[in-house]
Amino acid sequence: MSTKETVKILLLKRNMTIKTLAEKLTELSGKNYSRQNLSGRISNGYLRYEEMEQIAKILGYNIKFEDLTN
């Protein structure tokens with residue numbers, strides 16, 4: 001599943017718009033995110049890991065790495 005699909009699904013589950021997410025991400029990070037800018041970054045796959053962690057936090061999720069070698 002792509003980042004775009006993942007974020008869209010999580011937004012739908014939380015009944016949140018990309019605009020609201022951009023506003024909350026701006027508050028959390030101190031960087032300016034517009035709806036258009038964030039939407040473009042998500043669609044084009046240009047999110048940094050730190051941004052994805054912040055998005056997950058806003059939406060009430062954790063990013064988890066699972067050891068698949070066991």
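## Order of the helices

Read along its sequence, the protein chain follows the pattern α-α-α-α, and the chain has four helices and zero strands. Helices here are DSSP runs of H or I with at least four residues, strands are runs of E with at least two, and both are numbered from the N terminus. The model is predicted, so local features need pLDDT of at least 70 and side-chain atom pairs count only at pLDDT 80 or more, while totals for chains, interfaces and linings use all residues. Residues are numbered from 1 along each chain as its sequence is written, and side-chain values use heavy atoms, with hydrogens and water left out.

## Extent and surface of the chain

Taken along the principal axes, the C-alpha atoms of the protein chain fill a box of roughly 40 × 25 × 20 Å. The chain exposes about 5,200 Å², of which carbon and sulfur atoms supply 48%; accessible areas come from the Shrake-Rupley method with a 1.4 Å probe, and for residues only the protein chains shown count as cover.

Of the 70 residues in the protein chain, 24% are buried. A residue is called buried when its relative accessible area is under 20%, exposed when it is over 50%, and partly exposed in between (1.4 Å probe, protein chains only). Among contacts between residues at least 6 apart in sequence, 45% join residues at least 24 apart, where contact means heavy atoms within 4.5 Å.

## Two buried residues of helix α4

I55 lies in helix α4, which covers residues 49–58, and counts as buried because its relative accessibility is 0%. Not counting residues up to four places away in sequence, I55 touches L21, L25, L38 and L47. One of these partners, L25, is 30 residues from I55 in sequence, yet the two are 6.9 Å apart in space, C-alpha to C-alpha.

Q54 is also found in helix α4, and with a relative accessible area of 14% Q54 is buried. Leaving aside residues up to four places away in sequence, Q54 touches L25, L28 and S29.

## A network of salt bridges

The structure holds two salt bridges, a salt bridge being a side-chain nitrogen of Lys or Arg within 4 Å of a carboxyl oxygen of Asp or Glu. In one of them the side chains of E51 and R41 meet at 2.9 Å, N to O. Because E51 lies in helix α4 and R41 in helix α3, this pair ties together parts that are 10 residues apart in sequence.

The side chains of E51 and R48 also meet in a salt bridge, at 3.8 Å, N to O, and R41, R48 and E51 are thus linked in a network of salt bridges. Within the network, E51 counts as buried at 2% relative accessibility, whereas R41 is partly exposed with a relative accessible area of 22%, and R48 is partly exposed with 38%.

## The largest pocket

About 160 Å³ of space lies in the largest pocket. On a 1 Å grid over the protein atoms alone, a pocket is an open set of points where a 1.4 Å probe fits, with protein on both sides within 12 Å along at least five of seven lines, and lining residues have an atom within 4 Å of a point. The grid points are joined across faces, edges and corners, and the volume is the space filled by probe spheres set on the points.

The lining is made of K4, V7, K8, L11, L12, M16, I18, S39, I42 and S43. Two elements, α1 (3–13) and α3 (35–44), give two or more residues to this lining, and α1 gives the most, with five residues.

## A loop residue and a nonpolar patch

N15 lies in the loop between α1 and α2 (18–29), and at 73% relative accessibility N15 counts as exposed. Most residues other than glycine have a negative phi. N15, although it is not a glycine, has a positive phi of about 55 degrees.

On the surface, Y49, I63 and F65 form a nonpolar patch with about 350 Å² of accessible area together. Patches are made of residues with over 30% relative accessible area and no salt bridge, with like charges joined within 9 Å and nonpolar side chains (Val, Leu, Ile, Met, Phe, Trp, Tyr) within 5 Å. F65 has its place in the segment after α4, and with a relative accessible area of 69% F65 is exposed.
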